[in-house]
Amino acid sequence: MNRFLSNATNRIDAKGRVSVPSAFRSVLSQRDIRELYCFQDFIFPAISVGGPDLLDRFERQISSEDPFSPAANQMSLLIHGGGVFMKLDSEGRLMVTDFIRDFTGITTDVTFVGRADHFQLWAPQTFEAMQAAARGERRQKALGSG
């Protein structure tokens with residue numbers, strides 16, 4: 001499988017590193033992703049993580065716009081101004097930097113959430129609350145349309 005699926009929560013070690021779940025490392029390996037593009041999600045208090053192809057996709061979208069348009073400028077502000085490149089260490093760990101902590105509220109644990117072509121880093125309690133809210137909304141819509 002070459003998609004990021006499911007979720008897992010891991011503890012941050014004393015040096016500020018967290019182990020990326022093995023299933024996610026396997027997808028990174030299959031896709032030959034060695035450098036991670038990480039950006040502050042546009043909607044959720046989460047860091048989205050993928051390969052350089054994720055950044056390329058956003059940059060193609062920007063280049064299709066007038067470079068001086070508000071849409072192109074906003075997108076650049078979000079993906080360039082809110083993004084960094086990171087690498088896993090030799091043991092598959094990611095450094096949980098202030099860039100990650102400040103945006104997500106992550107403290108001692110990180111929830112990794114699969115999003116098909118990328119994954120996200122969440123504060124566990126925030127992920128649980130957002131997932132419960134999404135499930136409740138989907139349930140409400142299903143019951144309302146039935």
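Is Asp89 buried, partly exposed or exposed? In this predicted model, Asp89 is partly exposed, with a relative accessible area of 26%. The side chain of Asp89 forms a salt bridge with Arg93, and the closest N and O atoms lie 2.7 Å apart. Arg93 is buried, at a relative accessible area of 16%. The cut-off for burial is 20%, so Arg93 falls under it while Asp89 does not. The pair belongs to a wider arrangement. Salt bridges with shared partners join Asp89, Glu91 and Arg93 into one network.

Asp89 can also be placed relative to Ser19. The two residues are 70 apart along the chain, yet their C-alpha atoms are separated by 9.4 Å. Ser19 belongs to strand S2, which covers residues 17-19. Ser19 is partly exposed, with a relative accessible area of 34%.

The overall layout is as follows. The chain holds five helices and eight strands. Their order along the sequence is β-β-α-β-β-α-α-β-β-α-β-β-α. The C-alpha trace spans about 50 × 45 × 30 Å along its principal axes. The chain has 146 residues, and 38% of them count as buried.

Salt bridges were searched for across the whole structure, and seven were found. One of them joins the side chains of Arg11 and Asp109, at 3.5 Å from N to O. Arg11 lies in strand S1 (residues 7-11) and Asp109 in strand S7 (residues 109-114), so this salt bridge ties together parts that are 98 residues apart in sequence. The two partners differ in accessibility. Arg11 is exposed, with a relative accessible area of 56%. Asp109 counts as buried, at 18%. The limits are under 20% for buried and over 50% for exposed, so Arg11 and Asp109 fall into opposite classes.

A further salt bridge links the side chains of Asp13 and Arg17, at 2.9 Å from N to O. Asp13 is partly exposed, with 26% relative accessibility. Arg17 is buried, with a relative accessible area of 19%. Burial requires a value under 20%, so Arg17 meets the cut-off and Asp13 does not.

Attention now turns to empty space. Rolling a probe the size of a water molecule over the atoms shows where such space is left. The largest pocket holds about 200 Å³. Two elements each give two or more residues to its lining: strand S8 (119-122) and helix H5 (124-145). H5 supplies the largest share, six residues. The lining consists of Phe44, Val113, Arg115, Gln120, Trp122, Phe127, Met130, Gln131, Ala133, Ala134 and Arg135. By class, seven of the lining residues are nonpolar, two are polar and two are charged.

Ala134 is one of the lining residues. Ala134 lies in helix H5. Its relative accessibility is 42%, so Ala134 counts as partly exposed. The C-alpha atoms of Ala134 and Ile43 are separated by 13 Å, although the residues are 91 apart along the chain.

Ile43 also takes part in a surface feature. Together with Phe42 and Leu78, Ile43 makes a nonpolar surface patch of about 310 Å². Leu78 lies in helix H3, residues 70-79. Leu78 is partly exposed, with a relative accessible area of 39%. Patch residues need over 30% relative accessible area, so Leu78 passes that cut-off.

Backbone angles pick out two further residues. Most residues other than glycine have a negative phi. In Ser6, phi is near 75°, a positive value in a residue other than glycine. Ser6 lies in the segment before S1. Ser6 is exposed, with a relative accessible area of 55%. In Ala116, phi is positive too, near 70°. Ala116 sits in the loop between S7 and S8. At 35% relative accessibility, Ala116 counts as partly exposed.

Methods:
Residues numbered from 1 in each chain as written. Predicted model: local features only at pLDDT ≥ 70, side-chain atom pairs only at ≥ 80, totals over all residues. Heavy atoms only, no water. 1 Å grid on protein atoms, 1.4 Å probe; cavity = no way out; pocket = protein on both sides within 12 Å on 5 of 7 lines; lining within 4 Å. Points joined across faces, edges and corners; volume = space filled by probe spheres on them. Helix = DSSP H or I, 4+ residues; strand = E, 2+ residues; numbered from the N terminus. Nonpolar A, V, L, I, M, F, W, Y, C, P; charged D, E, K, R; others polar. Patch = residues over 30% accessible without salt bridge, like charges linked within 9 Å, V, L, I, M, F, W, Y side chains within 5 Å. Areas by Shrake-Rupley, 256 points an atom, 1.4 Å probe, with all protein chains shown as cover. Salt bridge = Lys/Arg side-chain N within 4 Å of Asp/Glu carboxyl O. Buried < 20%, exposed > 50% of the residue type's maximum accessible area, 1.4 Å probe, protein only.
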